[in-house]
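Hello,

Here is the model for your files. Please look it over first; my notes on its cavities follow.

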Amino acid sequence: MKLKLVKFDRKKEKKFDIDFLNADVAKKVSAFHRSFPQYKPTPLAVLDNLSKEWNVSKIFVKDESYRFGLNAFKALGGSYAIGQYLAERLNIHPAELTYDMLVSSEVREALGEITFITATDGNHGRGVAWTANQLKQKSVVYMPKGSSVERLNHIKSEGADASITELNYDDTVRLAAEDAEGNHWVLVQDTAWEHYEEIPKKIMQGYITMVSEAYEQLKELDEKPTHVFIQAGVGSMAATVQGFFANVYGEDRPITVIVEPDKADCIFQTAKANDGKLHYVKGDLDTIMAGLACGEPSTLGWQILNDYADAFLSCPDKIAAQGMRILAAPLKGDPQVISGESGAVGIGAVNEILKSSEYVDLKKQLRIKPDSKILFFSTEGDTDAAHFKKVVWDGAYSI
């Protein structure tokens, strides 16, 4: 299997409203996350020797393996969405909401017992379970068939009632939604569909902390990326990255490329069809990129990507594996980034585009040149450590 690209021209007509992902919102979201005792900005790795290898100006990697001690960025979305939901329940202005307030006995008494439920490949569910645990509330987490037992155990360690279903990801989401309604639980899902967009919208806003940190770190270096490669499952996180940068940079925003596994490339297929409809990928979605194994795009995420993203890339699993190895064994002098299957696919894709003569045309279409400055988001660390070793140490899924 080969890399496949769909390129969009930038739209001139009226586009989808992205004000809910602007810099003012980012300040409010960051203030909420900064109130957590576990909060620290995650590092922005600068890979100068890799940039020389690739013959580009700069390579930046936002390393989310340090987020809240959870080895992935996802808790940013779940914590903010749950916090906003509770603020509404308590009739508190969201700007006044802090971690200390949420974990107080007074708030716990006022709220009573709440059960939050979600479907996940691992990272989002762990974030929801962690947040519920912090707030002394309950959580139920469903995972699709084939999920990592290690990721399941991480979720259980946060006090969740967690289990692996016999369903694929999208059907597992439907099961969670049905059980939420039937049991009067609160569904905290990071994908949107008709009549379910408010909580996914808050989750997307929660992700802004990651993007705004990267933006500020780049400003401190007096740098601005020319390209952003950002991976997508349902598209919520990718749309947040796209929306925030479109807000702060306007028409001078970086060329943004949405990267997906070829076995679950629903956003790529939707972009390829370009017919105003969402296109789904069915079946087991058996990619090693578990965090991206989603067959149905988020309605909200797609509206943003459709209007603002520049290109869509579909990648085989071996590309993600190569990206993991490149980051884990950096060129001398570059910092190491421990990146999981979903976090490393962008690095692997660009390496293949720039190193293989087969993809000269893709390089031209994406306008990658010696003065290019490319930003990546490594959204997870070795969340499945056994599989990480299989790929990085044993060379599984080699090019």
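**Cavities**

Three nonpolar, five polar and three charged residues make up the lining of the second largest cavity. Here Ala, Val, Leu, Ile, Met, Phe, Trp, Tyr, Cys and Pro count as nonpolar, Asp, Glu, Lys and Arg as charged, and the others, Gly among them, as polar. That lining is L70, A72, K74, A75, G122, N123, R126, G127, R151, H154 and T383. α6 gives the largest share, three residues. Both α6 and α7 (149-156) supply at least two. The second largest cavity holds about 70 Å³ of space.

Terms, briefly. A cavity is a set of points, on a 1 Å grid over the protein atoms alone, where a 1.4 Å probe fits but cannot get out; lining residues have an atom within 4 Å of a point. Points are joined across faces, edges and corners, and a volume is the space filled by probe spheres set on them. Helices are DSSP runs (H or I, at least four residues), numbered from the N terminus.

The structure has four cavities of 30 Å³ or more. The largest holds about 230 Å³. It is lined by 23 residues, and F73, K74, G233, G291 and L292 are the closest to its centre. α6 (123-134) and α10 (236-249) are the elements that give two or more residues to this lining. It divides into nine nonpolar, 10 polar and four charged residues.

This is a predicted model: local features need pLDDT of at least 70, side-chain atom pairs count only at pLDDT 80 or more, and totals for chains, interfaces and linings use all residues. Residues are numbered from 1 along each chain as its sequence is written, and side-chain values use heavy atoms, with hydrogens and water left out.

Best wishes

How values were computed:
1 Å grid on protein atoms, 1.4 Å probe; cavity = no way out; pocket = protein on both sides within 12 Å on 5 of 7 lines; lining within 4 Å.
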